[in-house]
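Work through the exercises below with the sequence and the structure at hand. Each task is followed by a solution in steps.

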Amino acid sequence: MKILRIAVTGSAGSGKSLVCHRFKTIGLVTLDCDVIARQVVEPGMPGFEKIVKVFGRAIVQKDGTLDRTRLRNIIVDDAILRKKMEDILHPQILSEMVLQIENAMYKDKKAVAVEVPLLFELGMEKQFDVTIVVAAQDMDLVKRISKRDKVSKENAQKMLDLQMAQEDKMAMADHVVINKGTMAELFESVDNLFDKIQKEFLTT
């Protein structure tokens, strides 16, 4: 069975999760690479052991899981360690994502929407039939990250500076969804876009 694979990407705070939530409401299977990233580093998984080997036991919490906040603080300021972590994680995320797409239960819509924060940075767009970038104004991104992650606006900006520029992502994507209004407006944009994609890919 041919499954239509849709990638949803965008900068931190752009509204990728909301777009995927809407796709789920429409009837698509949805996956999130951030969730998959947590799954591949659970205690007992090969990714967990490799990360502990690189970063030491100090990044393991009392309950035996990784201290993700501590890890993030380390890699934001250290490009070499960030690269080491990416080299461990990304191949495992990719293979787990492909596995989950293949094993998901598809009902009326033979389509999956996957939230992939680093889609273009990792060259993962080749895994998908359609790529969508969710974009927002820079000041909105900073505000949302700051509120969501309980960090200062300076740290939120730092996080954004590590990512590919919105303009570059938009230039590479098949479709762009602008998230600058209400949630209802965003959902309407997603509905209209899916109608368009469906006509192109899912009608026989």
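**Exercise 1: a strand and its two sides**

Task: State which residues of β1 point one way, which point the other way, and whether they are buried or exposed.

Solution. Step 1: L4, I6, V8 and G10 point one way from β1, while R5, A7 and T9 point the other way. Step 2: Residues on both sides are buried. Step 3: This fits the count for the strand, residues 4-10, in which 7 of 7 residues are buried. The model is a predicted one. As background, side chains in a regular strand alternate between the two faces of the sheet.

**Exercise 2: the sheet**

Task: Find the order of the strands in the open sheet, and say which strands are at its edges.

Solution. Step 1: Begin with β1, which pairs in the parallel sense with β3 (residues 111-115) over 5 bridges. In this pair, V8 stands opposite E115. Step 2: β1 also pairs with β4 (residues 130-135), again in the parallel sense and over 5 bridges. Here A7 has T131 as its bridge partner. Step 3: β2 and β3 run parallel and are joined by 4 bridges; T30 has its bridge partner, A113, in β3. Step 4: The open sheet of 5 strands has the order β2-β3-β1-β4-β5, with parallel pairing. The edge strands, each pairing on one side only, are β2 (29-32) and β5 (175-178). From one strand to the next, the twist averages 25°. Step 5: α9 packs on this sheet and touches β1, β4 and β5. The direction of α9 makes about 165° with that of β5.

**Exercise 3: two helices**

Task: Describe how α1 and α9 pack, using the angle and the distance between their axes.

Solution. Step 1: α1 (residues 16-26) and α9 (residues 183-201) pack at an angle of about 60°, and their axes are 10 Å apart. Step 2: The two helices are therefore oblique to each other. Step 3: The crossing of α1 past α9 is right-handed. The contact involves L18, V19, H21, R22, F23 and I26 of α1, together with M183, L186, F187, V190, D191 and F194 of α9.

**Exercise 4: one residue**

Task: Explain why D149 counts as buried, and list what it touches.

Solution. Step 1: D149 lies in α6 (residues 138-149). Step 2: Its relative accessibility is 18%, and buried means under 20%, so D149 counts as buried. Step 3: The side chain of D149 makes a polar contact with the side chain of R148, at 2.9 Å. Leaving aside residues up to four places away in sequence, D149 touches R72 and M159.

Key
Residues numbered from 1 in each chain as written. Predicted model: local features only at pLDDT ≥ 70, side-chain atom pairs only at ≥ 80, totals over all residues. Heavy atoms only, no water. Buried < 20%, exposed > 50% of the residue type's maximum accessible area, 1.4 Å probe, protein only. Pairing = 2+ DSSP bridges. Polar contact = N/O pair within 3.5 Å; in protein donor to acceptor, adjacent residues only side chain to side chain. Contact = heavy atoms within 4.5 Å. Axes fitted to C-alpha atoms, helices over the stretch in contact; angles between N-to-C directions. Parallel < 35°, antiparallel > 145°, perpendicular 65-115°, else oblique. Left-handed = near helix turned anticlockwise from the far one by under 90°.
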